[in-house]
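Work through the following exercises with the sequence and the coordinates side by side. Each task is followed by a solution that proceeds in steps.

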Amino acid sequence: MREVYVIGLGITKFSRLEYPLIEIAAYPSIMAMKDCGLNSVDHVYVANMGGSRISHQTALGSALVDHLSLYPAGAETIENGPASGASAIKQGYMAVASGVHDVVMVTGVERMRETNNLEATDFVASLAHPLAEQIYGVTLPSLAGMFTRLYMNQYGVTEKHLAMVAIKNHANAMHNPNAHLHMPITMEGILTGPEASTNNPYVADPLRFFDMCPVSDGGVCLILASKDVAKKVKRPMVRLAGVGQATDTHCVHERENPTDLLAVRGAAEKCFKMAGFKPKDVDVAELHDAFSILEIVESEEVGFFKKGEGHIALEKGYTALNGKLPINPSGGLKAKGHPVGATGVGQAHEIVTQLRGEAGARQVKNAKIGFSCNFGGFGNNVVALAFQKEK
Amino acid sequence: MAIDLEKLLRPVDHPVPPFPPKFVTLANGEEMVIRQIDREDIPALLPHVAPLMQVERDYYDIVSARLYAELLGFYRHRVQDEYVLVAQIDGHLAAIVNGRLLNPDVGVSYHTLALRRGLRIGAHAFAAKMEYHIDIMKQKEVLIVAESPIGFRRWMIEYQLEKRFNVAHELGGVPSYALTKKLFDRARESLVVGRRPVPEKLLEKACQAILPPTDPPKPPFDVLAATRAMYDSTGTALRASRQKLEGGMSK
Amino acid sequence: MKISILGYKCTKCGTIHYPNRAICRKCRNEQFTVEPLPEKGKLLTFTHLYNPSGDFDVAILDLGIVELANGVRITGQMKIDQPKIGMKVVGKIETVRESGYKSYKGMVFYKA
């Protein structure tokens, strides 16, 4: 297996982008090609979840190749729910590591704001089980709400901890020009103040408005290449060191232990094993915080903190931008935005930017090893990636 | 002659108690003052409402066009018993809400225009309006319609407003709903928020001047761009020039 | 005719699955028999969803996960005023969602 490097990066602002879906995919792809100075790639992977339903367009991989005149490169569209992004990176990794291709382009794209909020929530809810969950009106926020209630009951996580996650991520996003939300929030404003109930109403109790990520449009591109190509291109040598994936039951009620996220645990284990790192080696991490509880739980399941102690580490400030292990320096999904198909690629983009030392005001000092966790479904398909900066 | 005509054309307003200003702390820690304004303040509002008539999404265009007409009607003495409340953050305009009294018992809610998104400012402003009708002017019910599906969901369904489909709302005969005193009392906890009196400095800043909104929704490069883009098969050239002007997807 | 939610019992090892799958989780057998799931259980967790899908007329949808008497868990709607984790509940089959012309029946839980 060859070594795989990330040589090009491109990203749009995550917000409301009133451009056709394919242009939202093309823009960061061109940026990434310019970043590494290449004019062609061997293969294109497009990660997307809702193109067919919201924009009525399928086969985005082929469409992107055409839009960028990259023929005759092969292309595929990868769909894995909210984990589409990391899954596409995984496919790109395997293509280069195996020797089949030398340079691949992985682009994640999503345009969700074309429709109204109800339609967007319905579309995301389509990943729940049709007969055992969807018929009851179960949406992702409701699954997260039920999970959070159990977690609070068992481990003592409080609404204050959830608010801390949101406040931290909003503060981080102030240093990220591409983030969806550029707005600091305060504990008084969202939880403890007298008007907090109107500012931050319940959406799926105990989760509130500011515990949920926004609906965003966005596109991100990563160019992966073999060592030889990476050396020629003269970009910082950031290696995609490990990839791990694991699955769990479809229905949330069938999980072995309802407060465990076994897929996260399994994916992280496999990823660290392949990369040869331990969780304590990680300098910076991007964890999938579509709901603020998930950042806390994932930080435990991947091995950064003991089970049930993620919120204590959060309290102590370990996961802040200037803490021992900064989590979500980009603002996370909460403040950076969550264009479903692009998120996984966006997380990888942030980690590589950090390892390259190009993160500006949100730079984590001396970041050498980075980790990202992309959560698909509601924890039934998780992909973890590990990156390492080399000399 | 002119004075007599004006007497005919100008309605006489009934005396009602003024809205006592209140303030709320928003999610980002900033404080917002909600206060009533007089006719003389309307000219300061109009230039901030006008550009929104070009913003198609979330029904900003139709709401701001109608609100503009209502504000002008209030200013030029051509609407009876209308009131206007504004919400300001550090003096900058954040929301405008208005309505009028149909008769001493029944009020009509006109519009709610939020000029800053993401902080639930519309929710605060709408609640203030309802408080004014029911708690302060002691009315029995308020008639409400919604242009936007967001508004519909939030107010009609969440507060379980009573249907009044036989009553044509002034705004255009669309199905109207009513917030009765009973429903208001039931939802009081979530509706009546905010504190009084407003600290002197805060109120002074707000009353001094209505400053422009800090981050209002911006009109696109071309009018009706959002709906036209869907059918615009020759739009390729238009899009290219638009991307250039707008700074592409990095902004 | 009484409608029930059906569990799928593996013919080899007896594990009851809900919802159905093609291969048994424990022993990988491919044959199942159906048997109705019990209606009594205990409430594991719940939520009140304030933004339900457009199909629903109500402003708030109450959902819960219940562990039934035989250990099988099920997601369903709730019609309970003051739900608590661990409380005893009993389920009834009712129409839970209407989407266009289709209507779906499922479990709604009440206080036992």
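**Exercise 1. Determine how many helices and strands chain C contains, and describe its overall layout.**

Solution. In this predicted model, chain C has zero helices and eight strands, and reading along its sequence accordingly gives the pattern β-β-β-β-β-β-β-β. The next step is the extent of the chain: along the principal axes, the C-alpha trace of chain C spans about 45 × 35 × 30 Å. Of the 112 residues in chain C, 34% are buried, where a buried residue is one with 20 or more other C-beta atoms within 10 Å of its own. Turning to contacts within chain C between residues at least 6 apart in sequence, 44% of them join residues at least 24 apart. Finally, the domain assignment divides chain C into domain 1 (6-36) and domain 2 (40-111), and the C-alpha centres of these two domains lie 24 Å apart.

**Exercise 2. Work out the strand order of the open three-stranded sheet in chain C, and explain why β2 and β3 each have one side without a neighbour.**

Solution. The open sheet has the order β2-β1-β3 (chain C), and its pairing is antiparallel. Because β2 (16-17) and β3 (32-36) of chain C stand at the edges, each with a single partner strand, one side of each is left without a neighbour in the sheet. The pairing of β1 (residues 6-10) of chain C with β3(C) can then be followed in detail, since five bridges join these two strands in the antiparallel sense, as is stated for the pair. Within that pairing, C:Tyr8 stands opposite C:Val34 in β3(C).

**Exercise 3. Identify which strands of chain B pair with β4(B), and state whether β4(B) is largely enclosed or left open.**

Solution. Begin with β3 (residues 82-89) of chain B, which runs antiparallel to β4(B) and is joined to it by eight bridges; in this pair, B:Val86 stands opposite B:Ile96. The two strands form a hairpin with two residues between them, and B:Asp90 in the turn has a positive phi of about 55°. Next, β4(B) pairs with β5 (residues 106-114) of chain B, again antiparallel, over six bridges, and here B:Leu101 stands opposite B:Gly107 in β5(B). β4(B) and β5(B) also form a hairpin, with four residues between them. As for burial, ten of the ten residues of β4 (residues 92-101) of chain B are buried, so this strand is largely enclosed by the rest of the structure.

**Exercise 4. Describe the sides of chain B and chain C that touch chain A, by element and by residue class.**

Solution. Take chain B to begin with: 24 of its residues are in contact with 24 residues of chain A. On the chain B side, the elements giving two or more residues are β1 (22-25), α4 (121-136) and α9 (225-231) of chain B, and the residues of this side divide into twelve nonpolar, nine polar and three charged.

For the contact between chain C and chain A, 27 residues come from chain C and 29 from chain A. At least two residues of the chain C side are supplied by each of β4 (40-49), β5 (61-68), β6 (73-78), β7 (88-99) and β8 (102-111) of chain C, and β4(C) gives the most, with six residues. By class, the chain C side divides into 15 nonpolar, ten polar and two charged residues.

Terms used:
Residues numbered from 1 in each chain as written. Chains lettered and ligands numbered in written order. Predicted model: local features only at pLDDT ≥ 70, side-chain atom pairs only at ≥ 80, totals over all residues. Contact = placed C-beta atoms within 7 Å. Nonpolar A, V, L, I, M, F, W, Y, C, P; charged D, E, K, R; others polar. Buried ≥ 20, exposed ≤ 12 C-beta atoms within 10 Å, placed from the backbone. Pairing = 2+ DSSP bridges. Domains from an automatic or database assignment.
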